[in-house]
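The following note sets out points for a colleague who is reading the structure at the bench. Each numbered paragraph takes up one topic.

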Amino acid sequence: MAVSAGTAIAHAPPNIAPMSSSQAPNPETQHATMDFLFAPSPAVAGCLQHGMVKALPGGGYVLPAGMHPLILVILRGEIRVCRPGGTQPMARISLCGGTRESLRAWAAPGTRILTLAVKPGQLRRIVDFPALTIMDSWADFDDFLTGQERGEAARCQARLAETDDTAGQVQAVMALLSMLHQGRAGGKADIVLPPDGFSLPPEALAARFGLSLRQFERRFRASYGQSLRSLRQQLRCSQLMRFVAGRPSGAGTWADVAARFGYCDQSHLIHDVLRFTGYTPGQLAAGVASDDPAFWPYRVAPHHMTHLFGPSGY
């Protein structure tokens, strides 16, 4: 999703040099209220995208559907997710699956989070479960750990609770994830499509991986949490949402935009955007352009989106 280059999120606070893959925030200079991105530690750089530390505006908001599993750490405050019949609080550290629809949530004023998206096919290198296990859901991170690992997670959570130093909190989370990965580093990742893979027919992809079509489809669902056809639809809408959120003047009518992104008509475009974001294209564009804090998930610069979620976006 795109906004102007003036978004508050940056690779680091102004007085800290942009972090390389081997750097963490400087505890001496890190501002506790600043939003920033950080690179994962080298030990888990092959499994995780860049992380983000962000202060959330209090109140309700709608989270867009996401294609990737996500590790969510509540550094301070509370988040509740809307469910039929009420709301459900999220754990201090949660593993969130990819989602195929938007999700309504609420954050307490002053809530601050850390997020790390898992790269495609790499979830098994952090926990012993494929992406399909947690698709369209979320759970306490402890639910995916062994007894000894839960002890390490408890120590991590204790450190998160005892300090407001963001750099120390980031380091505690990265130490936990590095430990989890170390025990699984030798395991095989699930299927990961090459850059040109999403445009190929499933039969060609199955042949490329040396699998039958049925084997490929089963392993693809385990790796990505949904079918190739479904993921292609979501990928197209993710790319569309980037455009809609930062829609330039002179972009034409919504019918023109629909044609540009391969939709058969404008109503098909509206249906997909509404499903994956909870808003119509017009509502999304207007909300991002306004100062409405509920649209914070879309106020991320395009190059930061690539660091956070890879080239596919949300």
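1. Cysteines. C82 is partly exposed, at a relative accessible area of 33%. C156, in contrast, is buried, with a relative accessible area of 5%. Searching the whole structure yields zero disulfides. The model is a predicted one, and this applies to every point below.

2. Overall make-up. The protein chain contains nine helices and 10 strands. Of its 314 residues, 49% are buried. When contacts between residues at least 6 apart in sequence are considered, 70% of them join residues at least 24 apart.

3. The six-stranded sheet. An open sheet is built from six strands in the order β1-β2-β9-β4-β7-β10, with antiparallel pairing. Its edges are formed by β1 (36–38) and β10 (138–140); each has a single partner strand, so one side of each lacks a neighbour in the sheet. On average, and ignoring direction, neighbouring strands of this sheet are turned by 20 degrees against each other.

4. Pairing of β2 with β9. Strand β2 (residues 48–55) runs antiparallel to strand β9 (residues 112–118), and six bridges join the two. Which residue of β9 is the bridge partner of V53? The partner is L114. As a general point for reading such strands, side chains in a regular strand alternate between the two faces of the sheet.

5. Strand β4 and its two neighbours. On one side, β4 is joined to β9 by six bridges, and these strands run antiparallel. R76 has R112 as its bridge partner in β9. β4 also pairs with β7, again in the antiparallel sense, over four bridges. Here V73 stands opposite I93 in β7. Five of the seven residues of β4 are buried, and the strand is thus mostly covered.

6. Helix α2 on the sheet. Helix α2 (residues 166–182) packs on the sheet and touches β1, β2, β4 (70–76), β7 (93–96) and β9. The direction of α2 makes about 30 degrees with that of β9.

7. Helix α9 across the sheet. Helix α9 (residues 302–309) lies across β1, β2, β4 and β9 and runs at about 120 degrees to β2. Which residues of α9 are buried? They are H304, M305, L308 and F309. These residues cover an arc of only 110 degrees around the axis, which places them on the same side of α9. Just after the helix, G310 adopts a positive phi of about 85 degrees.

8. Salt bridges centred on D35. Side chains of opposite charge can pair when their charged atoms come close. The count of salt bridges in the model comes to nine. In one of them, the side chains of K54 and D35 meet at 3.2 Å, N to O. K54 belongs to strand β2 and D35 to the segment before β1, so this pair ties together parts that are 19 residues apart in sequence. Both K54 and D35 are buried. D35 also forms a salt bridge with the side chain of R112, at 3.8 Å, N to O. Since R112 lies in strand β9 and D35 in the segment before β1, the pair ties together parts 77 residues apart in sequence. R112 is buried, as is D35.

9. A salt bridge within helix α1, and the network. The side chains of R155 and E152 meet in a salt bridge of 2.9 Å, N to O. Both residues lie in helix α1 (residues 147–162), three residues apart, or about one turn of the helix. Are these two side chains found on buried or exposed residues? R155 is exposed, with a relative accessible area of 51%, whereas E152, at 30% relative accessibility, counts as partly exposed. Elsewhere, salt bridges that share partners join D35, K54 and R112 into one network.

10. Points to read together. R112 appears twice in this note: as the bridge partner of R76 in β9, and as a salt-bridge partner of D35. Strand β9 likewise recurs, through its six bridges to β2, its six bridges to β4, and its contact with α2. The reader may find it convenient to display these elements together.

Methods: Residues numbered from 1 in each chain as written. Predicted model: local features only at pLDDT ≥ 70, side-chain atom pairs only at ≥ 80, totals over all residues. Heavy atoms only, no water. Pairing = 2+ DSSP bridges. Axes fitted to C-alpha atoms, helices over the stretch in contact; angles between N-to-C directions. Contact = heavy atoms within 4.5 Å. Buried < 20%, exposed > 50% of the residue type's maximum accessible area, 1.4 Å probe, protein only. Arc of directions from axis to C-beta. Disulfide = S-S within 2.5 Å. Salt bridge = Lys/Arg side-chain N within 4 Å of Asp/Glu carboxyl O.
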